[in-house]
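Trainee: I have a structure on my screen and a list of terms I keep hearing. Can we go through how each term is earned?
Mentor: Yes. Bring up the structure and ask away.

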Amino acid sequence: MSDHPLILGIETSCDETGVGLVRGCELLGDEVASSVDQHARFGGVVPEVASRAHLEAMVPTVRRVLDSAGVQKEDIDAVAVTAGPGLAGALLVGVSAAKAYAMALGKPLYGVNHLIGHVAVDQLEHGPLPEPAIALLVSGGHTSLLLVNDLATDVVSLGDTVDDAAGEAYDKVARLLELPYPGGPHIDRAAQRGSASALRFPRGKWGDGTYDFSFSGLKTAVARHVEDADRSGSPLVLADIAAAFQDSVVDVLTRKAVDACVEHGVSTLVISGGVAANSALRALAEQRCAEAGIELRVPRPRLCTDNGAMIAALGAEVVAAGLPPSPLDLGTDTSLPVSMPLAV
Ligand code: KG4
Ligand code: ZN
């Protein structure tokens, strides 16, 4: 056994109750209870439903992770929890639970940043992250490009979406195409049968000299295409629409991510978040990174979506950096800036 401290990580920023156990870069346990099915008929996460589900799932999920790792709760050295960004009520459940565990066990509490957790988790699969690295976070809630100089102390935001997140765009377009929620995997599968060149949709903020993203114009273009086809009675080729939409999203994401690496002289790119499971994004990122001599690191899909291991992984970094624990009156911050790996 290594001498790294054993970190319990708790994640409740959205609709997944995640609890993980990590030592250094070693993943010991990772249990997730999701309320996604309860949100499906609304086509998006309902915050109050998510909070209630976290309350019910918290204690059983902690028990499951301890059992699966064969660890006693007394063995835990520190408790890390998502302090933000995320849904207010959902975050409160996790932070309250983490405080209770920290206090009961007499161990330090660390309130950490969800976004940076998505990057830190890669260390559990690929080992220590070369720093600096560029990270592209793409999920239902965020689309961010980050310059990671140091996971625990120095992360800089290079750009963000100015409207919808990438996953949100997938979910909204899936709805237009009458595919189930969450729509990302359905569009991904449909796109594999279609031709991306059959249609040409706009590429938001393409070549605008920033690292920001925009997907609402693309979504509107798809909506207009569907309406026009309805009106004229022409057949809708769902696979082609999915392929052309996906081509627009992954083209802009990978182009800006590679440009950021080149501009900052960085040779490692991490892609994480639920949309990192996308087959076209992975393929195009691999191709463009290989052309530019950049090492691409994409955690396995299970670690890309929200989970507690990512919070424990960042907690381990923060502890290793010798940062002071958070106070027990730690609050939640629904828009915690990425410049703050550790909340104060
Ligand atoms: O990270 P995540 O599980 O939750 C948060 O939003 O934080 O990401 C969920 C998002 C959803 O919008 C879903 O449609 C999208 O990730 N997603 C995908 C794929 N799998 C999940 N999007 C595109 N292609 C996929 N294969
Ligand atoms: Zn997330």
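Mentor: Keep in mind that this is a predicted model. Start with the largest pocket, which has a volume of about 1,100 Å³.

Trainee: Which residues line the largest pocket, and which lie nearest its centre?
Mentor: The lining has 38 residues. Ser139, Gly140, Gly141, Asp171 and Tyr181 lie nearest the centre. The elements that give two or more residues are β3 (26-34), α6 (166-176), α7 (184-191) and α11 (301-304). The largest share, six residues, comes from α6.

Trainee: How do you know that the largest pocket lies between domain 1 and domain 2?
Mentor: Look at who gives residues to its lining. Domain 1 (6-121 + 307-320) does, and so does domain 2 (131-301), so the pocket lies between them.

Trainee: How do the lining residues divide into nonpolar, polar and charged?
Mentor: There are 13 nonpolar, 16 polar and nine charged residues.

Trainee: What makes the span of helix α12 agree with the expected one?
Mentor: Helix α12 covers residues 308-320, which is 13 residues. At 1.5 Å a residue, it should span 18 Å. Its end C-alpha atoms are 18 Å apart, so the two agree.

Trainee: Why is α12 called largely enclosed?
Mentor: A residue is buried when its relative accessible area is under 20%. Ten of the 13 residues of α12 are buried, so the rest of the structure largely encloses the helix. Among them are Met310, Ile311, Leu314 and Val318.

Trainee: What happens at the start of α12, and what comes just after it?
Mentor: At the start, a side-chain oxygen of Asn307 comes to within 3.0 Å of the backbone nitrogen of Ala309. Just after the helix, Gly322 has a positive phi of about 75°.

Trainee: Why is Glu178 called exposed?
Mentor: Exposed means over 50% relative accessible area. Glu178 has 72% relative accessibility, so it counts as exposed. Glu178 sits in the loop between α6 and α7. Its phi is near 60°, a positive value in a residue other than glycine.

Trainee: Why does Lys205 count as partly exposed?
Mentor: Partly exposed lies between the 20% and 50% cut-offs. Lys205 has 28% relative accessibility, so it fits there. Lys205 too is no glycine, yet has a positive phi of about 55°. Its place is the loop between α7 and α8 (216-232).

Trainee: Which peptide bond leading to Pro182 is cis, and what is its omega?
Mentor: The bond from Tyr181 to Pro182, with omega near -10°. Pro182 is in the loop between α6 and α7. The bond from Glu131 to Pro132 is also cis, with omega near 5°.

Key. Residues numbered from 1 in each chain as written. Chains lettered and ligands numbered in written order. Predicted model: local features only at pLDDT ≥ 70, side-chain atom pairs only at ≥ 80, totals over all residues. Heavy atoms only, no water. 1 Å grid on protein atoms, 1.4 Å probe; cavity = no way out; pocket = protein on both sides within 12 Å on 5 of 7 lines; lining within 4 Å. Points joined across faces, edges and corners; volume = space filled by probe spheres on them. Helix = DSSP H or I, 4+ residues; strand = E, 2+ residues; numbered from the N terminus. Nonpolar A, V, L, I, M, F, W, Y, C, P; charged D, E, K, R; others polar. Domains from an automatic or database assignment. Expected span 1.5 Å × (residues − 1). Buried < 20%, exposed > 50% of the residue type's maximum accessible area, 1.4 Å probe, protein only. Polar contact = N/O pair within 3.5 Å; in protein donor to acceptor, adjacent residues only side chain to side chain.
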